[in-house]
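Here are my notes for your read-through, written the way I'd scribble them in the margin. Have the viewer open while you go.

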Amino acid sequence: MQDSGPIDNSPEPEPEPEPEPEADPEPERAAAAAEYVLPEAARQRAISIAAELLSSLPTAQVPVALRRVAKFAPARRARLGAAAIAATLAADVGFRQRAGELASSRWPTVLAAARTGDGLDGLDAVELATIAYLVRPPGWADLVARANAALTRQGAQQVVDDRHDQMARLREQLEALRASSRDQLGAARSELETLRATNSKLRQRLGEAREAARVAEQAALRATGATEEAGVSTARALSAADAEGRRLRSRLAEVEASLESSRRAAREGRTTESIRTRLLLDTLLDVAHGLRRELALPPVVTRPADLVASVEPDAAGVGDVAARGRTVEDPTLLERLLELPLVHLVVDGYNVTKTGYGELPLEAQRTRVIAGLGALAARTAAEVTIVFDGA
């Protein structure tokens with residue numbers, strides 16, 4: 001049994017005013033208490049009772065050292081705050097007396113026996129040690145020692161009983177092993193007889209196998225002769241196949257040379273056509289440059305759209321200009337505009353995207369219309385400007 005060790009019962013100054021504990025009527029009790037050893041089971045029981053007591057105490061009466069622990073559930077208090085609760089029980093007389101009252105209300109018979117000293121033999125040793133430690137009646141240290149000795153005897157008796165049970169189990173296992181050994185011995189004898197009979201049969205089969213091996217050896221000799229003859233025939237066939245392979249490889253080389261000659265002639269023909277096309281293109285470019293120098297044509301710096309006069313919305317004739325235009329849904333309109341030389345296309349981005357795919361996010365709309373206009377610019381060589389208004 002694991003003992004918790006002597007618990008220091010010397011009083012410490014309380015941080016808050018507490019009821020004055022009763023004076024100890026027996027001065028020699030302190031000297032006796034210094035030598036007691038509280039059993040671990042009784043210590044855990046006292047800590048559990050004190051943890052439950054914290055739930056019913058007002059905040060002002062809870063010891064300062066236990067106020068953080070008091071916020072936990074009772075079971076968690078006893079597990080996490082065991083050291084703090086045990087130290088407070090040893091140092092705070094008032095808190096220990098309240099815990100003793102709670103324990104006395106649960107075990108009144110044990111309390112009466114602890115105070116009178118009668119009928120102690122039939123009591124639970126853990127309850128007796130817990131009551132004696134918390135209430136501390138006259139001679140409480142002796143009661144704790146008595147309970148500790150009883151628990152020690154119970155532990156020793158439990159060890160003896162466990163050993164007796166273990167011996168009984170070992171005897172049963174020994175009897176089972178003996179019976180199993182007898183069964184295994186009988187099975188081994190039976191298996192030995194079976195092996196002897198099998199050995200006799202195997203000897204007979206071995207003789208038959210030797211005879212079969214002699215016959216097979218003779219057949220192997222005959223097969224060897226046939227194999228040598230087949231080898232000679234195979235060598236002749238391989239020689240003929242090798243000659244045929246050399247002939248086919250020679251024919252293949254001739255075909256590859258003929259194919260390479262055809263490819264070379266085709267490449268030379270394509271080169272001649274390319275040279276003729278290049279000479280014709282150079283001639284056309286020279287003619288164009290000559291015409292430009294002869295006519296003294298200036299460089300093109302003016303776009304067709306630069307020659308169109310601006311029109312105010314309220315100016316006269318605006319309605320006629322709009323009437324001469326095509327509808328937005330007419331696909332021929334854009335095609336004819338893009339057929340103009342050096343055309344500059346200005347696009348209102350959001351008008352296009354919100355008409356065609358307005359359900360997409362703005363970033364996706366911009367990405368999609370820019371990709372489409374990029375393909376249009378690559379196909380028509382038109383200058384394209386796209387504008388996205390708004391923030």
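The points below start with confidence and overall layout, then go through some helices and single residues.

1. **Confidence first.** This is a predicted model, so check the pLDDT before anything else. The protein chain averages 76, and 80% of its residues come in at 70 or more. Confidence bottoms out in helix α1 (residues 28–33), with a mean of 43, and peaks in strand β2 (residues 383–387), at 91. The pLDDT is below 50 over residues 1–35, a stretch that still has 54 contacts in the model beyond near neighbours in sequence. I'd leave those contacts alone: where pLDDT is low, the predicted coordinates should not be read in detail.

2. **Layout.** The protein chain has 12 helices and two strands. Going along the sequence, the order is α-α-α-α-α-α-α-α-α-α-β-α-α-β. Of the 391 residues in the protein chain, 21% are buried. If you take the contacts between residues at least 6 apart in sequence, 66% of them join residues at least 24 apart.

3. **α2 against α4.** How do helix α2 (residues 40–53) and helix α4 (residues 82–91) pack? Their axes are 10 Å apart, at an angle of about 90°, so α2 and α4 are roughly perpendicular to each other. On the α2 side the contact uses Arg 43, Ala 46, Ile 47, Ala 50 and Ala 51, and on the α4 side Ala 82, Ile 85, Ala 86 and Leu 89. Sorted by class, that contact has eight nonpolar residues, no polar ones and one charged. The spacing of those positions is worth a look with helix geometry in mind: an α-helix has 3.6 residues a turn, so residues three or four places apart point the same way.

4. **Ala 82, one of the α4 residues in that contact.** Ala 82 sits in helix α4. Is Ala 82 buried or exposed? Ala 82 counts as buried because its relative accessibility is 14%, and the cut-off for buried is under 20%. Apart from neighbours within four places in sequence, Ala 82 is in contact with Arg 43, Ile 47 and Arg 77. The C-alpha atoms of Ala 82 and Val 69 are 9.4 Å apart, with their positions 13 residues apart along the chain.

5. **α7 is mostly covered.** Nine of the 11 residues in helix α7 (residues 125–135) are buried. The buried ones are Ala 125, Val 126, Leu 128, Ala 129, Thr 130, Ile 131, Ala 132, Tyr 133 and Leu 134. Right after α7 comes Arg 136, with a positive phi near 60°.

6. **α11 against α12.** Helix α11 (residues 349–357) and helix α12 (residues 362–380) pack with axes 10 Å apart and an angle of about 105°, which means α11 is roughly perpendicular to α12. From α11 the contact draws on Tyr 350, Val 352, Thr 353, Lys 354 and Tyr 357, and from α12 on Leu 362, Gln 365, Arg 366, Arg 368 and Val 369. The class count for α11 with α12 is five nonpolar, two polar and three charged residues.

7. **Gln 365 deserves a click.** Gln 365 belongs to helix α12 and counts as buried, at 1% relative accessibility. What does the side chain of Gln 365 reach? The partner is the backbone oxygen of Gly 358, at 3.2 Å. Not counting neighbours within four places in sequence, Gln 365 is in contact with Tyr 350, Thr 353, Lys 354, Tyr 357, Gly 358 and Leu 360.

8. **Leu 376, also in α12.** Leu 376 counts as buried, with a relative accessibility of 12%. Beyond residues up to four places away in sequence, Leu 376 touches Leu 334, Leu 338, Leu 345 and Ala 381. Leu 376 and Leu 338 are 38 residues apart in sequence, and their C-alpha atoms are 9.6 Å apart.

9. **Ala 381, one of the residues Leu 376 touches.** Where is Ala 381? Ala 381 lies in the loop between α12 and β2. Ala 381 is not a glycine, yet its phi is positive, at about 60°. The residue is exposed, and the relative accessible area of Ala 381 is 72%.

Notes:
Residues numbered from 1 in each chain as written. Heavy atoms only, no water. Buried < 20%, exposed > 50% of the residue type's maximum accessible area, 1.4 Å probe, protein only. Helix = DSSP H or I, 4+ residues; strand = E, 2+ residues; numbered from the N terminus. Axes fitted to C-alpha atoms, helices over the stretch in contact; angles between N-to-C directions. Parallel < 35°, antiparallel > 145°, perpendicular 65-115°, else oblique. Contact = heavy atoms within 4.5 Å. Nonpolar A, V, L, I, M, F, W, Y, C, P; charged D, E, K, R; others polar. pLDDT = per-residue confidence, 0-100. Polar contact = N/O pair within 3.5 Å; in protein donor to acceptor, adjacent residues only side chain to side chain.
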